[in-house]
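This report introduces a protein structure to a reader who has not met it before. It begins with a surface feature and then turns to individual residues.

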Amino acid sequence: MEEAGRRNEKSFSMEKVDVAQALGFPDNSTNLEDSNKSRRSTRGTCLAILDLVNHALIVGLTVYTLYRSWGSNVVNLHTIFCTTGYVLLMSEAIVVFAGDSVLTKFLSRGAKRHLHWILQILGLIFIVSGVVIMYRVKPVHFKSIHGILGITSAVLVVFLSVAGYPVFIAAKLRNAIKPVAIKFAHNFLGISCFAIGMTAQCYGYTYIFKSDLKFVFIIIVVAIIALSIRRAIPSLFRQFLVLFR
């Protein structure tokens, strides 16, 4: 009896829809679905545009800074290595995981993880090289804000690169530590390392550019930071809620 009642109710509902369509009334469910698809499409397009803008800022800032700093003296080499390491490689290593990244959205999750650590290791090589070059010739070390932020970020990136392996085997370590704890720590330290290093980059512009142009570059760096971590921050927040709930 109940099954027959449900069939009758479904039949009656379909008849109402058919009558409404016959009388020319709009199908609200279809319109709502189309509206949701339209909003998702618009949002996806906007995010893709933001991603393209971010890539353009990253490449443009890197190329111009290298162009202005090209040379073989210590300051030039330090600028070249650190700019390539932070602005180009570390930024792109973070952006890899953005689901709407136009350059990597076709890659699998596993491929993105491998690309992430490859870019991070390359960034580490450039950053450490830039720090070592300056350290060998400068008589006073890590006294300025630029120097303190730079060495702090360099230490963090070394630690992240060495301690990054547990993230790959987090599921196997679940008996010892929660996988979300490992991912939260890696995410938090990665964002902190990137933000500190890019801030050091901003202070470095005061040495490279003596004009008002340095403020333009600082604004660009801030924009790159915001656009690069826009997906990492919500992920960090979700991991925090899961970890401490």
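## A nonpolar patch and three residues

In this predicted model, the helices α4 (109–137) and α6 (165–168) each supply at least two residues of a nonpolar patch. The patch lies on the surface and is formed by Trp117, Ile118, Ile121, Leu122, Ile125, Tyr165 and Phe168, which together have about 630 Å² of accessible area. Its largest share, five residues, comes from α4, while tyrosine 165, one of the members of the patch, has its place in helix α6.

Three residues, each in a helix, can be set side by side according to their relative accessibility.

| Residue | Helix | Relative accessibility | Class |
|---|---|---|---|
| Tyrosine 165 | α6 | 54% | exposed |
| Phenylalanine 188 | α7 (residues 179–208) | 42% | partly exposed |
| Histidine 55 | α2 (residues 28–69) | 8% | buried |

Why does histidine 55 count as buried? Its relative accessibility is 8%, and buried means under 20% relative accessible area, so histidine 55 falls in that class. The side chain of histidine 55 is joined to that of glutamate 92 by a polar contact of 2.9 Å, and when residues up to four places away in sequence are not counted, histidine 55 touches Glu92, Val95, Ser101 and Leu103.

Phenylalanine 188, which is found in helix α7, can also be placed relative to a residue elsewhere in the chain: phenylalanine 237 is 49 residues apart from it along the chain, and the C-alpha atoms of the two are separated by 9.7 Å.

Methods
Residues are numbered from 1 along each chain as its sequence is written. This is a predicted model: local features need pLDDT of at least 70, side-chain atom pairs count only at pLDDT 80 or more; totals for chains, interfaces and linings use all residues. Side-chain values use heavy atoms; hydrogens and water are left out. Patches are made of residues with over 30% relative accessible area and no salt bridge: like charges are joined within 9 Å, nonpolar side chains (Val, Leu, Ile, Met, Phe, Trp, Tyr) within 5 Å. Accessible areas come from the Shrake-Rupley method with a 1.4 Å probe; for residues, only the protein chains shown count as cover. A salt bridge is a side-chain nitrogen of Lys or Arg within 4 Å of a carboxyl oxygen of Asp or Glu. Helices (H or I, at least four residues) and strands (E, at least two) are DSSP runs, numbered from the N terminus. Buried means under 20% relative accessible area, exposed over 50%, partly exposed in between (1.4 Å probe, protein chains only). A polar contact is a pair of N or O atoms within 3.5 Å; within protein, one must be able to donate a hydrogen and the other to accept it, and residues adjacent in sequence count only if both atoms are side-chain atoms. Contact means heavy atoms within 4.5 Å.
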